[in-house]
Amino acid sequence: MLILAFESSCDETSAAVVDMTDEHRLILSDRIASQIEIHKLYGGVVPEIAGRAHCEAISGLAYGALEDAKCTMDDIDAVAVTNHPGLIGALLVGVSFAKSLAWSYNKPLIAVQHIRGHVAANYLVHEDLKPPFLALVVSGGHTSIIDVRGYTDFVTIGRTRDDAAGEAFDKVGRKIGLPYPGGAEFDRLSYLGNKEALKLPSAAIAGDTLDVSFSGLKTFVINYLNTAAQKGESVSREDIAASFTNVVVKSLRNRVEKANKSLGYDKIVLAGGVAANSHLRASLAEYCENNSLKFYCPPNSLCGDNGAMIGAQAYYEFMAGNIADVSLNAYCTQR
Ligand code: KG4
Ligand code: ZN
């Protein structure tokens with residue numbers, strides 16, 4: 001089944017063609033237009049600017065994705081699009097475009113929840129992966145611990161109560177002078193510092209919960225930097241990066257370990273933009289290795305937002321009978 005899929009929930013516009021069956025899951029094309037250079041100027045994503053940039057990019061990306069996949073709309077079996085959660089003005093561009101395309105070519109339309117899409121990025125590179133499993137989805141907008149019972153049966157069992165993991169990296173990164181988004185540079189800097197230099201509070205909330213909170217941790221670092229500046233003391237960016245990364249990784253690993261103690265799955269899946277973090281990948285891989293669990297993570301190219309992951313999840317939504325129509329809307333919150 002050939003699916004033309006669109007993603008426009010935040011600051012990447014993407015159109016992709018995937019070939020999905022019960023036997024194979026192939027990426028035929030995955031064109032991505034990043035808006036990072038635009039938003040860098042402001043230190044974060046400006047929603048109105050994101051919406052406009054999606055409008056400018058989406059049509060060319062759609063043509064490009066079809067061309068790369070060496071097919072035309074006649075070959076496409078369905079059109080898929082992320083319709084929530086995300087920035088409303090950004091989502092509406094993808095939803096309106098996909099809706100018009102599906103309607104004018106008389107193709108089925110499939111709506112995909114963005115977080116499910118991130119998880120599905122793993123199906124495109126791990127042939128053997130199928131639910132059930134435990135998933136940790138960490139990105140610039142989301143931090144969720146999910147009991148994935150089936151391809152379309154997701155139960156969120158833990159989440160952030162404030163900032164997302166990527167947002168925390170980006171905000172602390174900005175404070176130590178890294179350009180937006182700071183995640184990847186943070187990762188690199190962390191190797192150069194002492195991870196025990198700062199005693200930071202855990203992001204794992206105590207008690208009978210799997211939730212995390214990054215805002216206290218972030219404020220702790222910001223206060224530390226402000227105090228040092230007032231005293232005229234110099235700080236090591238590398239030590240801050242290493243200490244912050246260490247506590248974020250430990251907190252997330254703690255949540256995964258705690259969650260899987262009760263679920264008892266033999267597979268752990270990592271997904272989302274922050275899944276590119278090498279320290280987090282190594283820590284979860286080690287946990288899985290020590291406990292004879294299989295660990296799955298996409299390559300960096302499929303960790304961030306992309307259309308192929310939306311197409312992959314769309315196949316399973318289609319098979320489950322989840323087909324949308326022209327009344328499809330976009331929603332900023334998770335439904
Ligand atoms: O999934 P994504 O592209 O967008 C959302 O759905 O939010 O994730 C982007 C986030 C940004 O916050 C970025 O800083 C973070 O992923 N990120 C990283 C790394 N690479 C990207 N965070 C930590 N370490 C990395 N290596
Ligand atoms: Zn995302």
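At what angle do helix α5 and α8 pack, and how far apart are their axes? In this predicted model, helix α5 (residues 165-175) and α8 sit at an angle of about 165°, with 11 Å between their axes. Beyond that pair, there's a second helix partner for α8, a zinc site and a few backbone oddities worth a look.

**α5 against α8**
- With angles over 145° counting as roughly antiparallel, α5 and α8 are therefore roughly antiparallel to each other.
- Their crossing is right-handed.
- On the α5 side, the contact uses Ala168, Phe169 and Val172; on the α8 side, Ile240, Phe244, Thr245 and Val248 take part.
- Sorted by class, that α5–α8 contact comes out as 6 nonpolar residues, 1 polar and no charged ones.

**α7 against α8**
- Helix α7 (residues 215-231) packs on helix α8 (residues 237-263) at about 165°, and the axes are 11 Å apart.
- That angle makes α7 roughly antiparallel to α8.
- Here, too, the crossing is right-handed.
- From α7 come Leu217, Lys218, Val221, Tyr224 and Leu225; they meet Ile240, Phe244, Val247 and Val248 in α8.
- The class count for the contact of α7 with α8 is 8 nonpolar, no polar and 1 charged.
- Ile240, Phe244 and Val248 of α8 turn up in both contacts, meeting α5 as well as α7.

**The zinc site**
- Which residues hold the zinc ion (ligand 2)? His114 and His118, each through NE2, and Asp305 through OD coordinate the zinc ion at 2.0 to 2.1 Å.
- Along the chain, the donors of this zinc ion are spaced as H-x3-H-x186-D.
- His118 belongs to helix α4 (residues 114-120), while Asp305 is in the loop between β10 (294-296) and α10 (307-319), so the pair ties together parts that are 187 residues apart in sequence.
- As for geometry, the zinc ion has 4 donor atoms with angles of 95 to 139° among them, and the site is irregular.

**Backbone oddities**
- His84 and Pro85 are joined by a cis peptide bond, omega being near -15°; Pro85 is in the loop between β4 (78-84) and α3 (88-105).
- Another cis peptide bond links Tyr180 to Pro181, with omega about -15°; Pro181 is found in the loop between α5 and α6 (183-190).
- Lys70 isn't a glycine, yet its phi is positive, at about 55°; look for Lys70 in the loop between α2 (47-68) and β4.

Methods:
Residues numbered from 1 in each chain as written. Chains lettered and ligands numbered in written order. Predicted model: local features only at pLDDT ≥ 70, side-chain atom pairs only at ≥ 80, totals over all residues. Heavy atoms only, no water. Axes fitted to C-alpha atoms, helices over the stretch in contact; angles between N-to-C directions. Helix = DSSP H or I, 4+ residues; strand = E, 2+ residues; numbered from the N terminus. Parallel < 35°, antiparallel > 145°, perpendicular 65-115°, else oblique. Left-handed = near helix turned anticlockwise from the far one by under 90°. Contact = heavy atoms within 4.5 Å. Nonpolar A, V, L, I, M, F, W, Y, C, P; charged D, E, K, R; others polar. Donors = N, O, S within 2.8 Å, 3.2 Å for Na, K, Ca; no water. Tetrahedral: all angles 85-135°; square planar, octahedral: opposite > 155°, others 65-115°.
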